[in-house]
Amino acid sequence: MSIERILIVEDEPLIAMMLEDFLDALGKQPVETCDSVQSALAVIDQQPIDAVILDINLSGGEKSWPVADALAAKGIPFVFSSGGDEIAEGHAGRPRLDKPYTMDGVEKALAGLG
């Protein structure tokens with residue numbers, strides 16, 4: 001499977017913009033950037049996406065586990081992005097992209113999904 005269309009779930013606007021720039025430079029298409037569980041679930045249901053970069057901690061203390069569950073149910077590959085947070089037991093084997101992000105790190109994380 002070719003991974004081209006990437007959804008970013010990240011609540012920090014500057015980090016989201018940096019990820020969009022990295023994806024552009026890697027020849028990937030950032031589909032959309034979401035900053036909450038609700039907005040991410042809506043995009044997953046409405047748009048074709050190949051993979052997701054999923055921040056664990058979102059605004060207001062919200063955790064992204066419902067998004068991870070929905071992605072797993074739909075068979076959409078994703079990588080958790082984190083500053084060192086624990087991954088919920090049901091998703092412990094998922095790939096991880098640790099902050100601070102680098103273009104090389106993002107490229108390797110996405111390559112590991114394909």
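What covers the buried residues of helix H3? The cover includes helix H2 (37–46), strand S3 (51–55) and strand S4 (78–82). The structure discussed here is a predicted model, in which local features need pLDDT of at least 70, side-chain atom pairs count only at pLDDT 80 or more, and totals for chains, interfaces and linings use all residues. Residues are numbered from 1 along each chain as its sequence is written, and side-chain values use heavy atoms, with hydrogens and water left out.

A few terms come first. Helices (H or I, at least four residues) and strands (E, at least two) are DSSP runs, numbered from the N terminus. A residue is called buried under 20% relative accessible area, exposed over 50%, and partly exposed in between (1.4 Å probe, protein chains only). Contact, covering and packing all refer to heavy atoms within 4.5 Å.

Helix H3 spans residues 65–74, and Trp65, Val67, Ala68 and Leu71 are its buried residues named here. Those four sit on the same side of H3, because they cover an arc of only 155° around the axis; the arc is that of the directions from the helix axis to the C-beta atoms. As a general point, an α-helix has 3.6 residues a turn, so residues three or four places apart point the same way. Val67 is a good one to look at up close: this residue of H3 has a relative accessibility of 0%, so it counts as buried. With neighbours within four places in sequence set aside, Val67 touches Val37, Ala40, Leu41, Ile44 and Leu54. The C-alpha atoms of Val67 and Phe78 are 10.0 Å apart, with their positions 11 residues apart along the chain. Asp69 also belongs to H3, but at 46% relative accessible area it is partly exposed. Between the C-alpha atoms of Asp69 and Val9, 60 residues apart along the chain, the separation is 14 Å. Right after H3 comes Gly75, with a positive phi near 75°.

Helix H2 has a buried side too. Val37, Ala40, Val43 and Ile44 are buried in H2, and they lie on the same side of the helix because their arc around the axis is only 130°. Gln38, Asp45 and Gln46 are exposed on the other side of H2. Strand S1 (5–9), strand S2 and H3 are what the buried residues of H2 pack against.

How do H2 and H3 sit relative to one another? Their axes come within 9 Å and cross at roughly 15°, which means H2 is roughly parallel to H3. Here the axes are lines fitted to C-alpha atoms, for helices over the stretch in contact, and angles run from 0 to 180 degrees between N-to-C directions. Angles under 35 degrees count as roughly parallel, over 145 as roughly antiparallel, 65 to 115 as roughly perpendicular and the rest as oblique. The H2–H3 crossing is right-handed, the near helix being turned clockwise from the far one by less than a right angle (anticlockwise would be left-handed). On the H2 side the meeting residues are Val37, Ala40, Leu41, Ile44 and Asp45, and across from them in H3 are Pro66, Val67, Ala70, Leu71 and Lys74.

Two serines turn up in the loops that lead into these helices. Ser64, in the loop between S3 and H3, is buried, with 0% relative accessible area. Beyond residues up to four places away in sequence, Ser64 touches Val37, Leu54, Asp55, Ile56, Leu58 and Phe80. Ser36 is in the loop between strand S2 (29–34) and H2. The side chains of Ser36 and Ser39 are joined by a polar contact of 3.0 Å, that is, a pair of N or O atoms within 3.5 Å; within protein, one must be able to donate a hydrogen and the other to accept it, and residues adjacent in sequence count only if both atoms are side-chain atoms. Ser36 also contacts Leu58 and Glu62, leaving aside neighbours within four places in sequence.

The other helix pair is H1 (residues 13–25) and H4 (residues 103–111), with axes that come within 10 Å and cross at roughly 70°. That angle makes H1 roughly perpendicular to H4. Leu19, Phe22, Leu23 and Ala25 of H1 make the contact with Met103, Val106 and Leu110 of H4. Val106, Ala109 and Leu110 are the buried residues of H4, and they share one side of the helix because they cover an arc of only 95° around its axis. Lys108 and Ala111 are exposed on the face of H4 turned away from that buried side.
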